[in-house]
Amino acid sequence: MADQNHELFCASAAFIQWRKIVERLAITLRFLATGDSYTSLMYTFKISKQVISKIVLELCEAIIEVLQDIGK
């Protein structure tokens, strides 16, 4: 029973982590594709403008870094 609970916990944790990644990507792509304001995104995703601004900045920096590595 303990092993099953541990496996379930690990699966749940992995799903939550995956969902966070997908949500962060969705926010960033929505911002880049539509030019929506952080306020509009805040109401759509129910996340504060401050957090959205950090998410967009971090993901854009990561995208730039990957593209620069590809271009070398």
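Is Leu29 buried, exposed or partly exposed, and what relative accessibility places Leu29 in that class? In this predicted model, Leu29 belongs to helix H1. The residue is classed as partly exposed because its relative accessibility is 43%, a value that lies between the limits of under 20% for buried and over 50% for exposed residues.

Confidence in the prediction was examined for the chain and for its helices. The mean pLDDT of the protein chain is 89, and 93% of the residues reach a score of at least 70. Helix H2, spanning residues 38-45, has the highest confidence, at 97, whereas the lowest is found in H1, with a mean of 84.

Leu29 also contributes to a nonpolar patch on the surface, with an area of about 640 Å². The other contributors to this patch are Leu25, Leu32, Ile63, Val66, Leu67 and Ile70. Two or more residues of the patch come from each of helix H1 (2-34) and helix H3 (49-71). Of the contributing elements, H3 gives the most, with 4 residues.

In the interior, the largest nonpolar core comprises 7 residues, namely Ile27, Leu41, Phe45, Ile47, Ile52, Ile55 and Val56. H2 and H3 are the elements that supply two or more residues to this core. The greatest contribution is again from H3, which provides 3 residues.

Contacts of Ile55, a member of this core, were considered without residues up to four places away in sequence. On this basis, Ile55 touches Arg24, Ile27 and Thr28. One of these partners, Thr28, is located in helix H1. Thr28 is buried, because its relative accessible area is 0% and the class requires a value under 20%. When neighbours within four places in sequence are set aside, Thr28 is in contact with Ile55, Val56, Leu59 and Cys60. Both Ile55 and Val56 are among the residues of the largest nonpolar core.

A further position in helix H3 is Ala62. With a relative accessible area of 40%, Ala62 is partly exposed, since this class covers values between the buried limit of 20% and the exposed limit of 50%. Along the chain, Ala62 and Ala33 are 29 residues apart, and a distance of 17 Å separates their C-alpha atoms.

Terms used. Residues are numbered from 1 along each chain as its sequence is written. This is a predicted model: local features need pLDDT of at least 70, side-chain atom pairs count only at pLDDT 80 or more; totals for chains, interfaces and linings use all residues. Side-chain values use heavy atoms; hydrogens and water are left out. Patches are made of residues with over 30% relative accessible area and no salt bridge: like charges are joined within 9 Å, nonpolar side chains (Val, Leu, Ile, Met, Phe, Trp, Tyr) within 5 Å. Accessible areas come from the Shrake-Rupley method with a 1.4 Å probe; for residues, only the protein chains shown count as cover. A salt bridge is a side-chain nitrogen of Lys or Arg within 4 Å of a carboxyl oxygen of Asp or Glu. Buried means under 20% relative accessible area, exposed over 50%, partly exposed in between (1.4 Å probe, protein chains only). pLDDT is the predictor's confidence in each residue, from 0 to 100. A nonpolar core is a set of buried Ala, Val, Leu, Ile, Met, Phe, Trp, Tyr and Cys residues joined through side-chain atoms within 4.5 Å. Contact means heavy atoms within 4.5 Å.
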